[in-house]
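Visitor: I would like to learn how to read a model like this one, feature by feature. Could you walk me through it?
Guide: Gladly; let us put it on the screen and begin.

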Amino acid sequence: MLCYNWFFENQDYKIDDMPEANTDIQSYLEQHIRNIPDFPKPGIQFKDITPLLLDSQSFKIVPEHLIQPYKSQKIDYVAGVESRGFLYGTIMASLLGAGFITVRKPGKLPADTIKAEYELEYGTDELHMHKDAIKPGSKVIIHDDLIATGGSARAAAELVQKTGGEVAGYSFIMELGFLNGREQIEGISEVHSLISY
Ligand code: AMP
């Protein structure tokens, strides 16, 4: 893939001699993601990636691991879910030679959108995508920092499918395994996460 080679030929490192590529990704993430109890409300264990963002190496290490399952495929777009899905998702897109789609909360996207609703603990929420974001038949990876119940990832998949795209896979840094979120989306395509809690 032209873009992929271009990226690495123009960097001062290559994947094979990148020491970070061999980092034990799970212990690296454990060291850089902190747990904040009772945020944003009592009972929630919030997985805070801001320490990860402070480490400049994370912008090489994390996307490189996230794209591993998809490196041999032709991926047209990475669709990142607002807002933490934008942070490493754009670098994944660059590494894969793909474009990036923003899947956003209501009222953020300026042109015509389609929407998909998903269940929250109390009530529903919705995600939007531009109607013209995807060419029919495009292969799309859905990416977010974390999968909990799987509702938002499922809604993002619905948006991709409604506009004629094909969900080539899901990619998360973290998975809250005890919530079984992958059961919501596994039937649609393969699900990958770097660490499960
Ligand atoms: P869900 O739709 O239930 O899979 O929730 C996933 C979305 O909510 C992602 O965008 C996460 O960033 C966010 N989220 C849910 N639970 C947590 C948590 N415990 N820590 C951090 N982010 C969370």
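Visitor: Why is α5 said to be largely enclosed by the rest of the structure?
Guide: First, keep in mind that this is a predicted model. A residue is called buried when its relative accessible area is under 20%. In α5, six of the eight residues are buried, so this helix is largely enclosed by the rest of the structure. The buried ones are G89, I91, M92, A93, L95 and L96.

Visitor: What follows α5 in the chain?
Guide: G97 follows α5, and the phi of G97 is positive, near 65 degrees.

Visitor: How many residues of helix α4 are buried?
Guide: The approach carries over from the previous helix. α4 spans residues 58-67, and eight of its ten residues are buried, which leaves the helix mostly covered. The buried set consists of S58, I61, V62, P63, E64, H65, L66 and I67.

Visitor: Now the ligand. Which residues come closest to it?
Guide: A good way in is to list the neighbours, then look at individual atoms. Here 14 residues surround the ligand, and the closest are R84, D144, D145, T149 and S152. Sorted by class, this shell has five nonpolar, five polar and four charged residues.

Visitor: Which elements each supply at least two residues of that shell?
Guide: They are β2 (45-48), β7 (139-147) and α6 (151-162). Of the contributors, β7 gives the most, with four residues.

Visitor: What distances separate the ligand's oxygen atoms from side-chain N or O atoms of D144 and S152?
Guide: For polar contacts, look for pairs of N or O atoms within 3.5 Å. An N or O atom in the D144 side chain is 2.7 Å from an oxygen atom of the ligand. For S152, a side-chain N or O atom is also 2.7 Å from a ligand oxygen atom. The backbone takes part in the picture too: a backbone N or O atom of K47 lies 2.9 Å from a nitrogen atom of the ligand. Overall, the protein covers 81% of the 480 Å² of accessible area that the ligand has on its own.

Visitor: Which pocket does the ligand take up?
Guide: The ligand occupies the space of the largest pocket.

Visitor: Let us turn to the backbone. Where are the cis peptide bonds that I should look at?
Guide: Omega is the angle to check. The peptide bond from F39 to P40 is cis, with omega near 0 degrees, and P40 lies in the loop between β1 (34-37) and β2. Another cis peptide bond joins E82 and S83, where omega is about -10 degrees. S83 belongs to the loop between β3 (77-81) and α5 (89-96).

Visitor: Which phi value does D38 have?
Guide: When you scan phi, pick out the positive values and then check the residue type. D38 has a positive phi of about 60 degrees although it is not a glycine. D38 sits in the loop between β1 and β2, and it is partly exposed, with a relative accessible area of 46%. N180 is another non-glycine residue with a positive phi, of about 55 degrees. N180 is found in the loop between β8 (166-175) and α7, and its relative accessible area of 41% makes it partly exposed.

Visitor: Is A157 buried or exposed?
Guide: A157 is in helix α6, and it is buried, with a relative accessible area of 0%. For a view across the chain, compare C-alpha positions: those of A157 and S189 are separated by 9.5 Å, with their positions 32 residues apart along the chain.

Visitor: How far apart are the C-alpha atoms of E190 and Y170?
Guide: They are separated by 6.3 Å, although the two residues are 20 residues apart along the chain. E190 lies in the loop between α7 (182-185) and β9 (191-196), and at 36% relative accessibility it counts as partly exposed.

Visitor: What separation do the C-alpha atoms of P37 and K47 have?
Guide: Their separation is 8.8 Å, and they are ten residues apart along the chain. P37 is found in strand β1 and counts as partly exposed, at 47% relative accessibility. K47 brings us back to the ligand, through its backbone atom 2.9 Å from a ligand nitrogen atom.

Technical notes: Residues are numbered from 1 along each chain as its sequence is written. This is a predicted model: local features need pLDDT of at least 70, side-chain atom pairs count only at pLDDT 80 or more; totals for chains, interfaces and linings use all residues. Side-chain values use heavy atoms; hydrogens and water are left out. A residue is near a molecule or strand if one of its heavy atoms lies within 4 Å of it. A polar contact is a pair of N or O atoms within 3.5 Å; within protein, one must be able to donate a hydrogen and the other to accept it, and residues adjacent in sequence count only if both atoms are side-chain atoms. Accessible areas come from the Shrake-Rupley method with a 1.4 Å probe; for residues, only the protein chains shown count as cover. On a 1 Å grid over the protein atoms alone, a cavity is a set of points where a 1.4 Å probe fits but cannot get out, and a pocket is an open set with protein on both sides within 12 Å along at least five of seven lines; lining residues have an atom within 4 Å of a point. A molecule sits in a cavity or pocket if more than half of its atoms lie within 2 Å of its grid points. Ala, Val, Leu, Ile, Met, Phe, Trp, Tyr, Cys and Pro count as nonpolar, Asp, Glu, Lys and Arg as charged, and the others, Gly among them, as polar. Buried means under 20% relative accessible area, exposed over 50%, partly exposed in between (1.4 Å probe, protein chains only).
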